[in-house]
Amino acid sequence: MVQAAFVLRGLALLPDRTPKRGGRWRDHRQVIDAIAFKYRTGTPSMDLPGHFGSWKGAHNRLRKWAADGIGEKVFTALLAQADAEGDLDRVVAVDSTIVRAHQHAAGARQKGPRPEPADHALGRSRGGLTTKIHLAADGRCRPLAFVITPGQAGDAPAFAQVMARLPVPRPTGRPRTTPDAVLADKAYSSRAIRRHLRRRGIRAVIPQPADQAANRRRLGRLGGRPPAFDREAYNQRNTVERCINKLKQWRGLATRYDKTATIYLAGLHLAAIFIWSAR
């Protein structure tokens with residue numbers, strides 16, 4: 001189940017398999033297969049098939065790696081490798097999607113100084129518990145960055161956080177931080193976002209909503225000129241929606257079962273690693 005590219009590029013970045021106390025850890029590849037099976041099928045950890053070994057070992061390894069940000073480090077290393085090979089698209093599409101949270105995802109308590117939001121990225125609405133995934137994708141429908149918030153959170157306020165997670169390290173020099181263009185729908189049409197992109201020299205391909213255009217025309221010359229919009233380039237914005245479809249093929253991500261946002265984010269990074277390893 002583990003892709004060869006993932007083994008070669010990602011396995012070497014995982015922690016040493018000899019813990020400070022106790023016996024030697026089970027082989028990383030078997031544990032990764034168990035974790036991937038859990039998210040791919042939506043199976044509870046305790047119901048993992050016996051050939052994966054102890055479900056507690058896989059669960060504890062996932063929890064530890066999530067707290068240490070191991071999945072994100074491996075994911076970033078794969079992006080850096082793709083950039084070095086010239087395989088990183090510089091046109092980025094940004095969007096978000098809401099996932100239902102199962103009742104098992106509720107009830108977590110805050111333990112220790114871990115990077116876990118107080119609300120665990122869970123929101124309540126008439127439909128129940130939800131989480132929103134904000135993400136960026138390249139032109140080949142591959143994920144580049146993730147931010148998760150409660151389901152009722154708006155898209156525009158999380159835009160800067162998504163952009164802040166785009167930097168890709170390089171062997172020498174400063175990390176690559178600025179794509180050539182950002183494609184986004186009308187929910188991201190705000191002066192703050194356009195100013196943010198313009199200040200960084202990034203071309204914004206974002207349509208203007210009808211109410212904003214009407215208000216600008218009502219103000220006359222005070223309303224200024226309409227923002228530039230490349231309709232042909234905007235046709236490629238569907239790449240982020242197709243990327244979301246790829247992620248939601250993993251049933252444990254299409255419905256959130258994890259109690260903490262940290263572990264759910266680790267599952268997203270694992271799915272992204274498999275998507276990139278299949279390139």
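**Figure 1. Close-up of the lining of the second largest cavity, with 6 nonpolar, 1 polar and 3 charged residues.** This view, like the others here, comes from a predicted model. The second largest cavity has a volume of about 70 Å³. If you would like to find its walls in your viewer, select Leu88, Asp89, Arg90, Val92, Leu144, Leu166, Val168, Arg176, Thr177 and Pro179, which line the cavity. Searching the whole structure turns up 3 cavities of 30 Å³ or more.

**Figure 2. Close-up of His120, a residue with a positive phi.** Here we look at the loop between β1 (91-101) and β2 (123-125), where His120 sits. Its phi is about 55°, although His120 is not a glycine. As background for this view, most residues other than glycine have a negative phi. Is His120 buried or exposed? His120 counts as buried because its relative accessibility is 7%, and the cut-off for buried is under 20%.

**Figure 3. Close-up of Cys141, with a positive phi in a residue other than glycine.** The phi of Cys141 is near 65°. To place Cys141 along the chain, look in the loop that runs between β3 (128-137) and β4 (143-150). Cys141 has a relative accessibility of 4%, so this residue counts as buried.

Methods
Residues are numbered from 1 along each chain as its sequence is written. This is a predicted model: local features need pLDDT of at least 70, side-chain atom pairs count only at pLDDT 80 or more; totals for chains, interfaces and linings use all residues. Side-chain values use heavy atoms; hydrogens and water are left out. On a 1 Å grid over the protein atoms alone, a cavity is a set of points where a 1.4 Å probe fits but cannot get out, and a pocket is an open set with protein on both sides within 12 Å along at least five of seven lines; lining residues have an atom within 4 Å of a point. Grid points are joined across faces, edges and corners, and a volume is the space filled by probe spheres set on the points. Ala, Val, Leu, Ile, Met, Phe, Trp, Tyr, Cys and Pro count as nonpolar, Asp, Glu, Lys and Arg as charged, and the others, Gly among them, as polar. Helices (H or I, at least four residues) and strands (E, at least two) are DSSP runs, numbered from the N terminus. Buried means under 20% relative accessible area, exposed over 50%, partly exposed in between (1.4 Å probe, protein chains only).
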